[in-house]
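Reader: Could you walk me through this model before I start working with it? I would like to hear about the ligand, the helices and the backbone.

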Amino acid sequence: MRNVTWRAASRVALALTGAGALAAGMALVLVTPASAGTTLGASAAEKGRYFGTAVAAYKLSENAYTTILNREFTMVTPENEMKIDATEPQQGRFSYANSEQIVNHARSHGMQVRGHTLAWHGQQPGWMQAMEGTALRNAMLNHITQVATHFKGQIYSWDVVNEAFADGNSGGRRDSNLQRTGNDWIEAAFRAARAADPGAKLCYNDYNTDNWTWAKTQGVYNMVRDFKARGVPIDCVGFQSHFNNDSPYASNYRTTLSSFAALGVDVQITELDIQGASANTYRSVVEDCLAVARCNGITVWGIRDNDSWRASQTPLLFNSNGSKKAAYDAVLAALNNGTPPPTTAPPTSVPPTTAPPTTAPPTTPPPGQGGCTATVTVNQWTGGFVANVRVTAGSSALNGWTVTTTLPSGATVTNAWSANPSGNTGTTNWTNVSYNGQVGAGQSTEFGFQGTGTAGSLSPTCAAS
Ligand code: XIL
């Protein structure tokens, strides 16, 4: 089944490449922009998104740098200044001067801040590198609590945990001193961050998670699905998206973003740079984000090529002399041509919390007397689609549900999450999985599926079971 899914995904990828190139070419000639912002930040804002950049504190004294920063961007990520070695250089001694300089600059110019990062195997101070076990777990939790509390109320979203998954085909965790404290270190980190700054969105952030067919992507996806099912406080997933010859942009990127979003999290592009800065690739990335309602922002990893951590790849939107590159024009045009922001907030699927029964449950639970309804949103492209179905209980709680959808001939389901299908073509009955069958009166849950061909309206109906 897995192989079938992945083969199907690569066919979708091929179809997308052609469609994307065609749409891009036509847009320049035929389509009148729906809006015409003249900066990245303003154009993104018209689409309900932010546009951000990584910032280095020591460059804030450079006029040419801050001129572009203040004009173009609405979100800032400290490039190194909030990392563990910077904020807790000696254990228990916290140092915030450089990170505060960036936060204050951003806020005084109306920009928001992504906090990067609270728990990571990289850029640990020496004292932490030397630690293992319970002492390290406690030091990590204390670090998160201290730093998130210090910046409480000033951070839009935190990269709570960075880069915890292994590269390659295992789909599992990366070995690190943090991982060796126990597999639950990631959820412990998220719980500590939520307790310290309940108003910030909490993200998991990683690289090489952009290609939907890669094992690492699937590993992170399964973790996020599990976290949502168990109520671990996660709000967003960051895709670093450092694209280069070893890790190129793939046209199934949109499928990756929409598949994660269907789990009930926001998705954010957090460290975008593209080796060679192909205008077409930058355009595709922006179009992919705009196609996913819960992709709520894009951050590039630096302003000018000489600001980049990979300067020799000239991967950014501005030349080293500060002039706009072709990639800049492509990004701005894609933002201006993009679909408008959703008029209603996208649904958040909160998995129902089911308290253990105090008395033995009846052997056959009664059907929900008040019935249920199902609505669907379809993200369709040439040759494929992702459908997200929302199941809402009526006037009484559900103890299980079945949603029926109808696919036109030629369409085939290739992958599904949070529900079990009776088949993969034509009329399909979708039944709940173990963690989302019980839905409180008036409450909702979500499931989704991906397929090839054209989805049509799907005409979903819902029955309580
Ligand atoms: C990089 C910075 O850009 C460099 O200045 C620093 O020397 C190393 O770290 N993934 C991340 C970022 O999450 O923190 C990294 O930033 C790039 C890769």
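Author: What follows covers the ligand site, then two helix pairs, then two backbone details. This is a predicted model, in which local features need pLDDT of at least 70 and side-chain atom pairs count only at pLDDT 80 or more, while totals for chains, interfaces and linings use all residues. Residues are numbered from 1 along each chain as its sequence is written, and side-chain values use heavy atoms, with hydrogens and water left out.

Reader: Okay, how many residues surround the ligand, and which are the closest?

Author: The ligand is surrounded by 13 residues, the closest being Glu-79, Lys-83, His-116, Glu-271 and Trp-301; a residue counts here if one of its heavy atoms lies within 4 Å of the ligand.

Reader: And what kinds of residues make up that shell?

Author: The shell holds 3 nonpolar, 6 polar and 4 charged residues, where Ala, Val, Leu, Ile, Met, Phe, Trp, Tyr, Cys and Pro count as nonpolar, Asp, Glu, Lys and Arg as charged, and the others, Gly among them, as polar.

Reader: Which ligand atom does the side chain of Glu-79 approach?

Author: An N or O atom in the Glu-79 side chain is 2.4 Å from an oxygen atom of the ligand, and in Trp-301 a side-chain N or O atom is 2.9 Å from a ligand oxygen. For Gln-240, a polar side-chain atom lies 3.2 Å from a nitrogen atom of the ligand; a polar contact with the ligand is a pair of N or O atoms within 3.5 Å. The protein covers 78% of the 420 Å² of accessible area that the ligand has on its own, by the Shrake-Rupley method with a 1.4 Å probe.

Reader: Switching to helices, how do H8 and H9 pack?

Author: Helix H8 (residues 185-196) and helix H9 (residues 215-230) pack at an angle of about 55°, with axes 12 Å apart; helices are DSSP runs of H or I with at least four residues, and strands are runs of E with at least two. Axes are lines fitted to C-alpha atoms over the stretch in contact, and angles run from 0 to 180 degrees between N-to-C directions. H8 and H9 are therefore oblique to each other, since angles under 35 degrees count as roughly parallel, over 145 as roughly antiparallel, 65 to 115 as roughly perpendicular and the rest as oblique.

Reader: What about H11 and H12?

Author: The axes of H11 (residues 279-290) and H12 (residues 326-337) come within 8 Å and cross at roughly 25°, so this pair is roughly parallel.

Reader: Last topic, where is the cis peptide bond?

Author: The cis bond joins His-116 and Thr-117, with omega about 5°, and Thr-117 lies in strand E3 (residues 112-120). Separately, Leu-458 is not a glycine but has a positive phi of about 70°.

Note on methods: Polar contact = N/O pair within 3.5 Å; in protein donor to acceptor, adjacent residues only side chain to side chain.
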